Amino acid sequence: GGLHCKARCEIYPRTKDVKRFKVPDDKVRWNVPFPEYSPPSFTTETVLSGPYYADPDICSGKGEITKWNEIDGKVSRVSFEGKYEVVDGLPLNPVGRTGIKHRGCLGRWGPNHAADPIVTRWKRTEDDEIVKGEDGKQVMEFVSVQRRDNREWAIPGGMVEPGSLVSATIKQEFGEEAMNSLEMSEEEKKEMHDKIEDFLSHGDKVYEGYVDDPRNTDNAWMETTAYHFHDNDGTKVGQFNLHAGDDAMAVQWMVCNSSINLYASHKSFLQEAAKRIDASW
Ligand code: RP5
Ligand code: MG
Ligand code: MG
């Protein structure tokens, strides 16, 4: 894989003044010597307070993790990137240096697993004609949510809870963030469930691996599994009522092409999805 960029953003997300140690491109890889490298340690108070999604703070001797690179009870500490190294008791980011040590706002040491539903349709005119791009190919739109944490547009993904499956997380996060299932009545929920259960059951896995997420640190990072669900005739997702919910502030059908700007490395997942269905890019 390539170098991470967002994982080297100057100010750590959701903080005002937590600054990363500057890591130039040629010093990202761990095997390149960088003797001056002295990144600050940072873990949010929230994570240190031990919420259900967080590991113990192994640095302060408050617990131990022994199952690196393994399934640890219900928690997967396995990386899609292969075996990661553990140095001085802490797992090392498989891409390289980020300019910050410890966990930042991520709960897990090592990989933090997420799942991303990429839901697409063809862009159509009011007369139901499929729109073509400059390259002559059909234009794809995807369900995009605006994240509450930094207002960037993103795929409506979320964390895979211990013991949960990617397939279940995909449906749950799409329901919560793009359909506001958390504020539905039992009846509405059932109706939604019947619709997404079918459509979001048969996807194409377009990505599995490291995410260049701005929350990543030297010892904690995001990984995801992204599935693509394409509504070719526009009769399935077309019936969905999109309503932003939970950690999404807004939701829209967004045109996909090479000039979009998305959260983390989501653009590269969309590019792969577009390629698989020969959409305009
Ligand atoms: C990204 O963070 C993943 O690709 C996924 O979209 C998202 C999961 O985190 P939350 O949306 O739960 O913050 O790295
Ligand atoms: Mg969510
Ligand atoms: Mg989310």
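## Surroundings of ligand 1

In this predicted model, the residues near ligand 1, that is, with a heavy atom within 4 Å of it, are A114, D116, R147, G157, G158, M159, V211, D213, R215, M222 and H266. By class, this shell holds 4 nonpolar, 3 polar and 4 charged residues, with Gly counted as polar. Strands β7 (110–122) and β10 each supply at least two residues of the shell, strands being DSSP runs (E) of at least two residues.

Polar contacts (pairs of N or O atoms within 3.5 Å) link side chains to oxygen atoms of ligand 1: a polar side-chain atom lies 2.5 Å away for D116, 2.8 Å for R147 and 2.8 Å for R215. The protein covers 94% of the 370 Å² of accessible area that ligand 1 has on its own, as computed by the Shrake-Rupley method with a 1.4 Å probe.

## The magnesium ions

The magnesium ion (ligand 3) is coordinated at 2.2 Å by G157 (O) and E177 (OE), where donors are N, O and S atoms within 2.8 Å of the metal (3.2 Å for Na, K and Ca), and water is not among the atoms, so the site may look incomplete. G157 lies in the loop between β9 (153–154) and β10 (158–159), and E177 in helix α2 (residues 166–179), so the pair ties together parts that are 20 residues apart in sequence.

E177 also bridges the magnesium ions of ligand 3 and ligand 2, which lie 3.4 Å apart. Both donor residues count as buried (under 20% relative accessible area, 1.4 Å probe, protein chains only), G157 at 13% and E177 at 4%.

## Basis of the values

Residues are numbered from 1 along each chain as its sequence is written, while chains are lettered from A and ligands numbered from 1 in the order in which they are written. Local features need pLDDT of at least 70 and side-chain atom pairs count only at pLDDT 80 or more, whereas totals for chains, interfaces and linings use all residues, and side-chain values use heavy atoms, with hydrogens and water left out.

Key
Helices (H or I, at least four residues) and strands (E, at least two) are DSSP runs, numbered from the N terminus. Buried means under 20% relative accessible area, exposed over 50%, partly exposed in between (1.4 Å probe, protein chains only). A polar contact is a pair of N or O atoms within 3.5 Å; within protein, one must be able to donate a hydrogen and the other to accept it, and residues adjacent in sequence count only if both atoms are side-chain atoms.
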